[in-house]
Structure formats: structure tokens, C-alpha cells
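Colleague: Please take a close look at one part of this model, the metal site, and then place it in its surroundings. Cover the cysteines as well.

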Amino acid sequence: MSLADGYGNTLTTRSAEARDHYESAVTLFLGANREGLAAFSHCVAADPQFALGHVGLARALMSAGRTSDAKDALKTAESLAFDVTSRERDHIAATGLVFSGQSAKARQAIRAHLSDHPRDVLLAQMCASVFGLIAFSGEAGHEASLLAFTESLLPHYGEDWWMMATHAVSLCETGQIAASEVLMARSLALNPRNANGAHFKSHALYERGETTAGRQYLTTWVQDYDDRGVLHGHLNWHLALWALHDGDEGAMWAILDGSVGPGASKGLPINILTDTVAILHRAEIAGYAVDPRRWTAASEYAAQYFPNPGQSFADLHAAIAHAMSGKGDRLARLAESSSGYAGDLLAPVSLAFGHIARGRWSDALDALVPVLPVAERFGGSRAQRDLVELAYVNVLMKLGLVEEARRTLKTRRPVLSDAPPVSGLT
Ligand SMILES: [Fe+2]
């Protein structure tokens, strides 16, 4: 009798022990729990010939920032791909496309694969959410695509906590906050230790401007979350951001320095860079003094971990760090590049933040105007891209265009307009 995973997909292993470890590993991994790594390790120890166990291990290693080990695990999976089901063979191949940076091909392959195997959850997961293959496609309108994607999967998953949370964030990012919260509540009731669920619920609270409730909820939730968990730093970013919105400057810096920034977070470089830069610039916009050494450290971090342009969301934040720290050579390199899924936006954002750093507000405005309507193409969440929205509003304020600043916020991000986190705009 063949064995299957928790989603009913046939697995090429004869070891019930390997299957059991696989199932618990998938659950832990989908909930962004660090323990998924150990569970996948136990899985392949129970059956070293189980190809998909090695793929799962590769994914968990990648989430833990162990890129080289992850690639080795995937190679092992590929070497075992000769006697597996076609579903497993395609699963391994699609993961290989992602690992080798062929995101557009991977996206296409996974979407085709899911039409036959909609419950191949680890592949579905790669396309979903605000850091997935659709969000980082560089395409205008990707939020609507993401919503259509999760909506098409929803009927295949029944009362599944992962699917509910995943669709909930699609709803949240397209402005359907109430529907998102209903679904998220059901998801978290089924699996309260789902860090993605806690994360997406935080986004819904952010989108409703529920600063106090958000701080209370997430402060409690994150206490029991392993600080090596992939979302630990980013969840703390949400807390730092709410502290900023609350005028609690001390807490904002304490969280940044304790759990978010370089040397503090054990998370992935993309989160460490983007979350740090976002707090620093949003703190400046809110009127807090930022020690120039913080910008220098952020620029160094960007140069170390993202030396070559290509991941446009990281490159956007790297450009800000280089501009604010006066690293003109690094900024120029980004400005001259068009690499990455939104590479054509690198030049205008580099120019814009170069002007902002020098206080050339009129030039900054000219450079930001074409970026603002298409900033979605950088990917990430709306809360993250508020960095660009607020930078634009701040430039208007510096030019004395207070009413235009107010109107812009009200039109584009009404949630931020009641208590704008912008100095002088009350
Ligand atoms: Fe987030």
C-alpha cells in the first residue's frame, strides 16, 4: 500500500516513520516554525532514499539561511528522482528552478503543476503570500493575481489552516480586511502556533490602524516563538513599527536593536536589510533623530549580503541605505543596473533617495512621481511599501505642500491619514 502525505499526495517511501516525520515537518514548516528543520532531518534519516523528504529538508535549510546545505539537500533529492511519481518529479524540478533563481519559469511550472495537483502544498506555498513567486514577479497587478491564485486553490483545501491563512493575506492585501480577519481567526483557531497566521493577522490589524491592539496581540504571541524562527525578526519589525506609530521611540529602538537589525536578528538577510532600513527611514520621516552610524551599518550590510542587484525588493532598501549613508559609489551601481524583476525602477528610486539624502526635495519629487504608482512591482506587503508612500509624503512636506501631502495620504493610504507618522503632518 502506498503512503501519502497529510494532503493526500502519494509519497515514494515505504517507511511509515519517514512519512510521519514528513507530515509533521510540513505542518511545522508551513507554520514558519523552526522545528520543521529537525523534523525533515528525522524524515530523511528514517528513509534516506525518500526524495521529497530531501526537498523538504532543502526548503527548511533555505529558510534557516543555510543556502549551501540547502542546495546539497536538493541535489540529493534530484539524484533520487528516477523512481518517483510524476508529481514528485515535477515537484523536485520546480524547486530546482526556484533554487537556481529561475523565478519566472518556476512560477509558470508551479501554476501548471497545481492545476493537476492543487494540494501539492509546498509548491503552492512558494507562489503564495507577500514574499512568494507571484509577489516578487515584478508584475503590476500582482496583488490581484495573488488573490485569484489563492481563491482558485481554496475549494481544494477544505478546513485547512494553512490555506485559510494564505488566502486571508491575499484578501488583506487587496483591501478586504474584514473577510481576511474572519478567515484568519478560523485558521488560528485550528493552529494557534502558525507564525504566518500571527503575521498575517498583524497585517490586518495594521491595515485597520489598530496600533494598540496590534502591539498587545503580537507582543504576547511572539514570546513563545523561537528566535531562530524565520519570522521572528520580521514580527518584531511589526512591533517596532507600531511602537513608532505610538510615539514610543524607546521601544522602537529597543526592538530594532534587540530583534530586527544586523547582529540582532537570526533571520534571513532580506528581512534584516529591508526591515532595518524601513524603520530607520520611517523614524526619520516621523521626526526621530537617526544616528548616521545606523545608516552606515545598514549600507555595509546591504553591500555584504546583496552585492549584486537582482532581488528588487532588497535593492530598493539597499538604495535607501546607500543614499542615506552617503555611499555614492554603491548607489550609482544600483542606479546603473536594471537587473531584477523590477530592475527598471532601480534608477529612479536610486536617484530619488540620492536627492532625499541631500535635501534636494524638488528633484526628489520629480524622481519619485513615476515610481509611486508602480511601487507595487517591488513586491512585499502594503505595510512594507508604505516606506515609499511615506517618503513621497515627506518630500511634499519638505516642499511646504502640506495640503497635498495630507490629500495624498488620504487618497492612497487612508489608514495612515488619521494619525500620520510624518513629522509636521498632524
Ligand atoms: Fe509583515
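**Cysteines, metal site and surroundings**

Modeller: Cys172 counts as buried, at 1% relative accessibility. This is a predicted model, and a search of the whole structure finds zero disulfides in it. For Cys172 the reason is distance: the closest cysteine sulfur, in Cys127, is 20 Å away, which is too far for a bond because a disulfide needs two cysteine sulfur atoms within 2.5 Å. Cys43 is also buried, with a relative accessible area of 0%.

Now the metal site. The iron ion is coordinated through the NE2 atoms of His199, His203, His234 and His238, at 2.1 to 2.2 Å. The angles among these four donor atoms run from 88 to 171°, and the site is irregular. Along the sequence, the donor residues follow the spacing H-x3-H-x30-H-x3-H. Distant parts of the chain are linked by the pair His199 and His234, 35 residues apart: His199 lies in helix α11 (residues 195–207) and His234 in helix α13. Both of these histidines are buried.

Helix α13 (232–245) also helps to cover the buried residues of helix α14, as do α12 (211–223), α15 (269–286) and α16 (292–305), among others. In α14 (residues 249–260), the buried residues are Ala251, Met252, Trp253, Ile255, Leu256, Ser259 and Val260.

As for the wider layout, the domain assignment gives domain 1 (3–127), domain 2 (130–208), domain 3 (211–267) and domain 4 (276–426). The centres of domain 1 and domain 4, taken over C-alpha atoms, are 37 Å apart.

Note on methods. Residues numbered from 1 in each chain as written. Predicted model: local features only at pLDDT ≥ 70, side-chain atom pairs only at ≥ 80, totals over all residues. Heavy atoms only, no water. Domains from an automatic or database assignment. Buried < 20%, exposed > 50% of the residue type's maximum accessible area, 1.4 Å probe, protein only. Helix = DSSP H or I, 4+ residues; strand = E, 2+ residues; numbered from the N terminus. Contact = heavy atoms within 4.5 Å. Donors = N, O, S within 2.8 Å, 3.2 Å for Na, K, Ca; no water. Tetrahedral: all angles 85-135°; square planar, octahedral: opposite > 155°, others 65-115°.
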